[in-house]
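Thanks for asking me to look over this one. My notes are below, in the order I would walk through them with you at the bench.

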Amino acid sequence: MKLPDFAEFEPFQHLRLTMGARKAGHFELFNAAKHLTGRERSELDQQGKRLPLFKIRRFADLTWGLKNTRLVVYLEDAADYHLAQCLVTAGWDSSQAVWISTRRTGHLPASGKEASRSVCPHCLQLLGYKGFDLQRNRKIAYSKNLISTFSREEFFHLYTLYPVQGMAERPSEKLA
Ligand SMILES: [Zn+2]
């Protein structure tokens, strides 16, 4: 039997605060500034969300985030998506509107439409994902195969989608 997670059930949290029951005990009190709400999580998974780039967190491990959740980042009309702060995303203006999603499989949504997008090789190179390296001759075939068989589900297993804990942020300077 799966019990509901009341630690993330907002009306319950509100009630607790109204009652003055501030001690979290074994619970971690839901903090909407740090955690995505149920509605935000569902939006990121189903419709995606459009935000200016500067609103997105740059985690110290070079991935992207919103609150304590990792993200896929992409432009509306682009054929690829980004998992890291790669040289392509470094060329974007901080006011650039980007789409973000947490969807682990299949097409990525933008403006009510879903499109097939492929993973950005620069992101995999930057992260050294599973030994990805297109700059070494002996790894080129392996790396190309990694792109064609890439699974976001597996990626978000290695780079936990949620919750990302104790992750410092990088200043938003551009990568060379
Ligand atoms: Zn990229």
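The points below go from the whole chain to the metal site and then to the two sheets.

1. First, a word on what we are looking at: this is a predicted model. The protein chain holds 6 helices and 10 strands. Of its 176 residues, 36% count as buried.

2. Next, the contacts and the surface. Among contacts in the protein chain with a separation of 6 or more, 63% are between residues 24 or more positions apart. The chain exposes about 10,500 Å², and carbon and sulfur atoms supply 54% of that area.

3. You will probably want to turn to the metal next. Which protein atoms are the donors of the zinc ion? They are ND1 of H82 and the SG atoms of C86, C120 and C123, lying 2.1 to 2.4 Å from the zinc ion. Along the chain, these donors follow the spacing H-x3-C-x33-C-x2-C.

4. The geometry of this site is tetrahedral, with angles of 100 to 115° among the 4 donor atoms. As a yardstick, the ideal angle for four tetrahedral donors is 109.5 degrees.

5. Are the donors C120 and C123 buried or exposed? The cut-off for buried is under 20% relative accessible area. C120 has a relative accessible area of 0%, so it is buried. C123 also has a value of 0%, so C123 is buried too.

6. Now for the sheets. One open sheet has 3 strands in the order β1-β7-β5, with antiparallel pairing. Strands β1 (49-52) and β5 (72-74) stand at the edges with a single partner strand each, so one side of each has no neighbour in the sheet. On average, neighbouring strands of this sheet are turned by 35° against each other, direction ignored.

7. Within that sheet, take a look at the pairing of β5 with β7. Strand β7 covers residues 97-101, and 3 bridges join it to β5, the two running antiparallel. For V72, the bridge partner in β7 is S101.

8. There is also an open sheet of 3 strands in the order β2-β3-β4, again with antiparallel pairing. Here the edge strands are β2 (57-58) and β4 (69-70), each of which pairs on one side only.

9. Last, how many bridges join β3 to β4? There are 2, and the strands run antiparallel, with β3 made up of residues 64-66. If you want a pair to find on screen, G65 stands opposite R70 in β4.

Key: Residues are numbered from 1 along each chain as its sequence is written. This is a predicted model: local features need pLDDT of at least 70, side-chain atom pairs count only at pLDDT 80 or more; totals for chains, interfaces and linings use all residues. Side-chain values use heavy atoms; hydrogens and water are left out. Two strands pair if DSSP finds at least two bridges between them. Helices (H or I, at least four residues) and strands (E, at least two) are DSSP runs, numbered from the N terminus. Axes are lines fitted to C-alpha atoms, for helices over the stretch in contact, and angles run from 0 to 180 degrees between N-to-C directions. Donors are N, O and S atoms within 2.8 Å of the metal (3.2 Å for Na, K and Ca); water is not among the atoms, so sites may look incomplete. Four donors count as tetrahedral if all angles lie between 85 and 135 degrees; four count as square planar and six as octahedral if opposite donors are over 155 degrees apart and all others between 65 and 115; anything else is irregular. Buried means under 20% relative accessible area, exposed over 50%, partly exposed in between (1.4 Å probe, protein chains only). Contact means heavy atoms within 4.5 Å. Accessible areas come from the Shrake-Rupley method with a 1.4 Å probe; for residues, only the protein chains shown count as cover.
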